[in-house]
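Let's take a walk through this structure together, going from one helix and its surroundings to a few helix pairs and then to two single residues. Keep the model open beside you as you read.

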Amino acid sequence: MTTLIKTQDFIDSIYEAIQFISYYHPRDFLQAMKRAYDIEENPSAKAAIAQILVNSKMCAIGHRPLCQDTGAVTCFVKIGMDVRFEGDMTVQEMVDEGTRRAYCCPTNPLRKSVLMDPIGKRVNTKDNTPAVVHIEMVKGDKVEVAIASKGGGSENKTHMKMLNPSDSIVDWILHEIPLMGAGWCPPGILGVGVGGTPEKSAILAKEALNDPIDIQDLIKRGPKNAEEELRLELYDKINKLGIGAQGLGGMTTVLDVKVKSYPCHAVSKATTIIPNCAATRHIDFVLDGSGPAKFDPPSIDDYPDIEIGGNSANVKRVNLDTLTKEEIATWKMGDTLLLSGTILTGRDAAHKRICDLIAQGKPLPEGVDFHGKMIYYVGPVPAVGDEVVGPAGPTTSTRMDKFVETMLSQTGLFGMIGKSERGPVAVESIKRHKAVYLMAVGGAAYLVSKAIKAARVLAFEDLGMEAIYEFKVQDMPVTVAVDSEGNNIHAVGPKIWSEKIKEIGFKYI
């Protein structure tokens, strides 16, 4: 018998799913992160995990986004052969309509990051459409949907290689993982696709990220096939690299490794790895013709009871409005700071405009003065209600590396705040100018936003979330990632902790 799926039921389900995953972590992720928190021995990494978990609980209560990068939508749709859709909308059109409604929701607007004309003008579509939709016809009378909203920081760390049949998958992945840096906001999940053709391996890796976190169950029962053997080996060896939360060095880099494979040509072994960040937004649902999908929110009791605070003797309180280079020189790599005062923001597009103006000998926009200031790499979510600003976590800092020398030498800037590591050229520039790079926790956007007490646009309003803002912050938590002497925690931390893991003899499997 044919099942009729109503257009509105499909659209409503997409809308509800995207809103749901914007503020609810899956239960399995919360459990895996709590385990990572419990076993973590690096205080900096443990504090980062704590911020992510506290942020998660705040988002669940407030129904606000887990991360300011609310992602681009990928949707896997499996349509039973005995299914018929009402109306004349295509599956792509229905997914896009649900996506449009979700991202433009007035009570929980999500940041729109999708651009049309990617080769040319790169203009924002203003509703985060189109989604990327993969459709498969299967036996049966239901529609199965797996949907994810994946941020650019983790997506940009995708790696693909056409391995030779005799090449080691493990060796290649262990070579690539350190090169990914911390821009994908570990700890998270690694999706691995092997076989098929190049594009098939990428789809397999992306689809694998929707699978449940069950590595501890697999460890207990043991592997039953080559995919499970590969999962265990990679889980063990990647975590022993010591990269840790936010790349600070620590016990947990991956919470799970998911593997999917497909038959391939005799001379090929296409392999793709795609990491999922600490936001890990995804959900599955089934439509059977009885109405829209229903989603079961986690209980507040599912969230671990973890507190974070700034009362430790190791925390330094900083008044940004009286900051001097002499004070910056006292900060050491790994120090925890609580920032209060004025910071300016700016990301890729704003940096390019600023540096172009400087190159042309033109003044910066009225009111934009970086002298003695910190710049925060952020593109916030729109505010709602009485919010000053929506979730406002850091973006990946390496994209701004090419602008660092101009900013430090020409604007009087004292330092930068972002997430993940800096490249060697940026680190050298920071050292040369006795500046500093501070790291906020990626995956704690709502928590960070609560430290922002006032916000206003200073320049480049046409850039939307990439405009230059002035923020007034109070007790904004950051870690000194690169100090004024050029000491770099992302270079030092993983090396220290990979050795400590060996010394401890910690058993992952």
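A good place to begin is helix H13, residues 424-432, where Ala426, Val427, Ser429 and Ile430 are buried. Please bear in mind as you look that this is a predicted model. On which side of H13 do these residues sit? They cover an arc of only 160° around the axis, so they lie on the same side of the helix. The spacing makes sense if you recall that an α-helix has 3.6 residues a turn, so residues three or four places apart point the same way. Turn H13 round, and the face away from the buried side shows you Pro424 and Val425, which are exposed.

What covers the buried residues of H13? The cover includes helix H12 (404-410) along with three strands: S16 (415-418), S17 (436-439) and S19 (468-482). Follow the chain just past the end of H13 and you will meet lysine 434, which takes a positive phi of about 50°.

Now for some helix pairs. Two packed helices are described by the angle between their axes and the distance between the axes. Start with H1 (residues 7-23) and H4 (residues 91-103), whose axes come within 8 Å and cross at roughly 45°. That angle makes H1 oblique to H4, and the crossing is right-handed. On the H1 side, the contact residues include Phe10, Ile11, Ile14, Tyr15 and Ile18, while H4 brings in residues including Val91, Met94, Val95, Ala102 and Tyr103. Taken as a whole, this contact divides into 10 nonpolar, 5 polar and 3 charged residues.

Helices H2 (residues 27-39) and H3 (residues 43-62) make another pair to look at, packing at an angle of about 150° with their axes 9 Å apart. Are they roughly parallel or antiparallel? An angle over 145° counts as roughly antiparallel, and H2 and H3 are therefore roughly antiparallel to each other. Their crossing is left-handed. From H2, the contact is made by Leu30, Met33, Lys34, Ala36, Tyr37 and Asp38, and from H3 by Lys46, Ile49, Ala50, Ile52, Leu53 and Ser56. These residues comprise 8 nonpolar, 1 polar and 3 charged.

The next pair is H6 (residues 169-179) with H9 (residues 226-239), where the axes come within 11 Å and cross at roughly 35°. This crossing is right-handed. Ile169, Val170, Ile173, Leu174 and Ile177 of H6 meet Leu230, Glu233, Leu234, Lys237 and Ile238 of H9. Sorted by type, the contact has 8 nonpolar residues, no polar ones and 2 charged ones.

Let's finish with two single residues. Alanine 350 lies in helix H11, residues 348-359, and is buried, with a relative accessible area of 0%. Leaving aside residues up to four places away in sequence, alanine 350 touches Phe460, Leu463, Glu466 and Ile468. If you want a distance to check, tyrosine 446 is 96 residues from alanine 350 in sequence and 23 Å away in space, C-alpha to C-alpha.

Threonine 396, by contrast, is found in a loop, the one between strand S15 (374-376) and H12. Is threonine 396 buried or exposed? At 5% relative accessibility, threonine 396 counts as buried, because the cut-off for buried is under 20%. Its contacts, again without residues up to four places away in sequence, are Gly153, Gly183, Lys419 and Ser420.

Definitions and conventions
Residues numbered from 1 in each chain as written. Predicted model: local features only at pLDDT ≥ 70, side-chain atom pairs only at ≥ 80, totals over all residues. Heavy atoms only, no water. Axes fitted to C-alpha atoms, helices over the stretch in contact; angles between N-to-C directions. Helix = DSSP H or I, 4+ residues; strand = E, 2+ residues; numbered from the N terminus. Parallel < 35°, antiparallel > 145°, perpendicular 65-115°, else oblique. Left-handed = near helix turned anticlockwise from the far one by under 90°. Contact = heavy atoms within 4.5 Å. Nonpolar A, V, L, I, M, F, W, Y, C, P; charged D, E, K, R; others polar. Buried < 20%, exposed > 50% of the residue type's maximum accessible area, 1.4 Å probe, protein only. Arc of directions from axis to C-beta.
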